[in-house]
Amino acid sequence: MVLLKECLLCLKKSYPKRIRFFSDKIRESTYVGIVDAPVEEGQKKRGVSKAPQVLREAGLIQKLKEDCNVSVKDYGAIGFDGNIKSSSKKLPENMLNYERVVGYNKNLSEIVQKVINDGRICLTLGGDHSIGLGSVSGHCKAKGGENTALIWVDAHADINTNKTSDSGNIHGMPVALLAQDLIPYWSNLPFMDWHHSLLPLKNIAYIGLRSIDPYEEFLIQKMGIVCYDIYDVQKYGIDSVINESLRKIDPDGTKSIHLSFDIDALDPSDAPSTGTPVDGGLLLREGIYIASTIHKTGRLGAMDLVEVNPTLGDEEDVQKTINSALQVIAAAFGYGRRGLKPGLEDLKQVRF
Ligand SMILES: [Mn+2]
């Protein structure tokens, strides 16, 4: 065992290219921190806050440990910053449950930043997609906005502001709140001093969109945001879409990648139990392909899995949706459909 390690180290010194070949064949532990965001005030349907518990009961942590060889640390559930409550401050219009949503995102942002600074990949279990605000914000604070690349996999663009949103649901606004370039589009956002809109739009790529509001489409075009909608997935294939996305938002291959995966990106046949399903979505295998391609970069910094609502649909719908969520998460943390790579233990008998 020791000999094997020494042998590999020796090769690393003299043959850097060869060691990369060997490293690729050896399974290494990944360190993950899990955060629950059992919240649902970013939209109007109740039940999505139950997802973290249901995903855990379905064996998420066991799957990560056994199928992905991941070392898991549990950071528990986010709370709500009690300092943010009704005050004389004028709240922004057309942002439902504003204090509540800002309050839990502040908390989430701090925890995500801590998990990443602890040297772990942060997995946040939503909750509705409003938690993308705190999660990505925390990632940017830990790594710097310039050094963070965001892949937003979703049926929707979630880039409305309170001036353009029809619903006032904040789960349709997180990308607009995160983007540095869109700061001028906002005004009067109290209790947001913890958030700095650090992420440049050029570091964001959308995959799977198919329900885009007119203003969102205008903004995507005007700002040149990298966007591969469901039409592009069909046209170019998922391999080109994810690799081109990564190449465009992270051309040097050096950024910390944030995968924000809305389960409604998947077709309702694979993920029916979600609040705003849209027909004609990504196949489960395409969702898995996105996640495993990001895993293979070795630069996944954080992941959100959001919008699973276990109170919608019948039992079969819920099972399907949970299964799809578990498979996408497992793929992001290294589970391959051809099985696990051998670990050092497995290689004891191998002669190079
Ligand atoms: Mn979303």
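## A covered strand, charged pairs and a metal site

Strand E4, which covers residues 148–153, is mostly covered, with 6 of its 6 residues buried. Keep in mind as you look around that this is a predicted model.

Let us stay with this strand for a moment. In a regular strand the side chains alternate between the two faces of the sheet. On one side of E4 you will find Thr148, Leu150 and Trp152, and on the other Ala149, Ile151 and Val153. Which of these two faces is covered? Both are, since the residues on either side are all buried.

What are the pairing partners of E4? One is strand E7 (residues 256–262), which runs parallel to E4 and is joined to it by 6 bridges. If you want to find this pairing in the structure, start at Thr148, whose bridge partner in E7 is Ser256. Strand E5 (residues 204–207) also pairs with E4 in the parallel sense, over 4 bridges. Here a good landmark is Trp152, which stands opposite Tyr206 in E5.

### Charged pairs

Side chains of opposite charge can pair when their charged atoms come close. How many salt bridges does the structure hold? There are 9, and the table shows some of them.

| Salt bridge | Closest N and O atoms |
|---|---|
| Glu40 with Arg46 | 2.8 Å apart |
| Arg100 with Glu41 | 3.0 Å apart |
| Arg56 with Asp74 | 2.7 Å apart |

Take Glu40 and Arg46 to begin with. Is Glu40 buried or exposed? Its relative accessibility is 12%, so Glu40 counts as buried. Arg46 has a relative accessibility of 47% and therefore counts as partly exposed.

Now turn to the salt bridge between Arg100 and Glu41. Arg100 belongs to helix H5 (residues 98–117), while Glu41 sits in the loop between strand E1 (30–37) and helix H3 (51–57), so this pair ties together parts that are 59 residues apart in sequence. Glu41 is buried, with a relative accessible area of 19%; the cut-off for that label is under 20%. Arg100, at 36% relative accessibility, counts as partly exposed.

The salt bridge between Arg56 and Asp74 also reaches across the chain. Because Arg56 lies in helix H3 and Asp74 in strand E2 (residues 70–77), the pair ties together parts that are 18 residues apart in sequence. Arg56 counts as partly exposed at 22% relative accessibility, and Asp74 counts as partly exposed at 42%. These two residues do not stand alone: Asp36, Arg56 and Asp74 are linked in a network of salt bridges.

### The manganese ion

Finally, have a look at the metal. Which protein atoms are the donors of the manganese ion? They come from His129 (ND1), Asp154 (OD), Asp158 (OD) and Asp262 (OD), and lie 2.0 to 2.3 Å from the ion. Along the sequence, the donor residues follow the spacing H-x24-D-x3-D-x103-D. Asp158 and Asp262 link distant parts of the chain: Asp158 is in the loop between E4 and helix H7 (174–178), whereas Asp262 is in strand E7, 104 residues apart. Asp158 counts as buried because its relative accessibility is 6%. Asp262 also counts as buried, at 2% relative accessibility.

This brings us back to the start: strand E7, which holds the donor Asp262, is the strand joined to E4 by 6 bridges.

Key. Residues numbered from 1 in each chain as written. Predicted model: local features only at pLDDT ≥ 70, side-chain atom pairs only at ≥ 80, totals over all residues. Heavy atoms only, no water. Buried < 20%, exposed > 50% of the residue type's maximum accessible area, 1.4 Å probe, protein only. Pairing = 2+ DSSP bridges. Salt bridge = Lys/Arg side-chain N within 4 Å of Asp/Glu carboxyl O. Donors = N, O, S within 2.8 Å, 3.2 Å for Na, K, Ca; no water.
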